[in-house]
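User: I should like to learn how to read the packing features of a protein model. Please take me through them one at a time.

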Amino acid sequence: MTHIFVNIQTSDLERSKAFYTALGASINPQFTDENAACIVWDDNVYFMAVTEAYFATFTDKQVVPSRGQAQVLIALSRDSREDVDKAIAAGVAAGGVEPTEAKDYGFMYSRDLDDPDGNGVEFFFMEPQAVEQGPDAYLSEQAQA
């Protein structure tokens, strides 16, 4: 089984913990200290919110600030369009920013959210039939209906 741990930097660890728990994630206290917090999305997906100083110890590469820069864009699926909208509403209420308009591709609906440190998280819903058939076949089938 594969687990994914995405390390994101933060200038305020307590703010990050509050932000991501407002979105429905939880904190694993066994892997949380003054340098990092383990943000649990589900049994296989985790963020490690890491203080900027500690984050810099993870690599010999130059670390760029997350605000105003993009190193990675994280996309998390939701079970419905409504769940995407709820995640964005919760994120904005908790201090995040929606930097772009919602995107509706017919087979997929997505919205972007920047956390208070500028880390980008996309929440999306994809129609189950599009996952099975592929987007072109799904859209073609929908056009004929």
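Analyst: The discussion below takes the core, the aromatic pairs, the largest pocket and two charged residues in turn. Please keep in mind that this is a predicted model.

User: How should one read a nonpolar core, and which residues of the largest one touch the most other members?

Analyst: In soluble globular proteins, nonpolar side chains tend to be buried together. Here the largest nonpolar core holds 23 residues, and those touching the most other members are Y20, I39, W41, F47, L76 and F123. Two or more residues each are supplied by strand 1 (4-10), helix 1 (13-22), strand 3 (36-40), strand 4 (45-51), strand 5 (74-77), helix 3 (81-93), strand 7 (108-114) and strand 8 (120-126). Another core, of 7 residues, lies apart from it; A36, C38, M48 and V50 are among its members.

User: Which residues does I39 touch beyond four places in sequence?

Analyst: With residues up to four places away set aside, I39 touches K17, Y20, A25, S26, I27, V45, Y46, F47 and A49. Two of these, Y20 and F47, also belong to the list of core residues that touch the most other members.

User: How many aromatic pairs does the structure contain, and how is the geometry of Y20 and W41 to be read?

Analyst: A search of the whole structure returns 9 aromatic pairs. For each pair, one reads the distance between ring centres together with the angle between ring planes, where an angle over 60 degrees counts as edge-to-face. The ring centres of Y20 and W41 are 6.1 Å apart and their planes stand at 80 degrees, so this pair is edge-to-face. The pair links distant parts of the chain, since Y20 belongs to helix 1 and W41 to the loop between strand 3 and strand 4, 21 residues apart.

User: Are Y20 and W41 buried or exposed?

Analyst: Burial is read from relative accessible area, with values under 20% counted as buried. Y20 has a value of 1% and is therefore buried. W41, at 15%, also counts as buried.

User: What is the arrangement of the rings of Y20 and F47?

Analyst: Their centres are 5.5 Å apart and their planes lie at 80 degrees, so Y20 and F47 form an edge-to-face pair. Y20 is in helix 1 and F47 in strand 4, so the pair ties together parts 27 residues apart in sequence. F47 is buried, with a relative accessible area of 0%. One aromatic cluster is formed by F19, Y20, W41, F47 and F123.

User: What should one read from the largest pocket, and how many residues line it?

Analyst: A pocket may be described by its volume, its lining and the character of that lining. The largest pocket has about 250 Å³ of space. It is lined by 18 residues, with S66, A70, Q71, V72 and N119 nearest its centre. Strand 1 contributes the largest share of the lining, 4 residues. By class, the lining comprises 9 nonpolar, 8 polar and 1 charged.

User: Where are K17 and R81 located, and which contacts do they make?

Analyst: For a charged residue, one may read location, accessibility and contacts together. K17 is in helix 1 and is buried, with a relative accessible area of 18%. Beyond its neighbours within four places in sequence, K17 is in contact with I27, T32, A37 and I39. R81 is in helix 3 and, at 24% relative accessibility, counts as partly exposed. With its neighbours within four places likewise left aside, R81 is in contact with D104, G106, Y109, F125 and E127. The C-alpha atoms of R81 and E34 are separated by 36 Å, with their positions 47 residues apart along the chain.

Definitions and conventions
Residues numbered from 1 in each chain as written. Predicted model: local features only at pLDDT ≥ 70, side-chain atom pairs only at ≥ 80, totals over all residues. Heavy atoms only, no water. Core = buried A, V, L, I, M, F, W, Y, C linked by side-chain atoms within 4.5 Å. Buried < 20%, exposed > 50% of the residue type's maximum accessible area, 1.4 Å probe, protein only. Contact = heavy atoms within 4.5 Å. Phe/Tyr/Trp six-rings, centres within 6.5 Å; stacked < 30°, edge-to-face > 60°. 1 Å grid on protein atoms, 1.4 Å probe; cavity = no way out; pocket = protein on both sides within 12 Å on 5 of 7 lines; lining within 4 Å. Points joined across faces, edges and corners; volume = space filled by probe spheres on them. Nonpolar A, V, L, I, M, F, W, Y, C, P; charged D, E, K, R; others polar.
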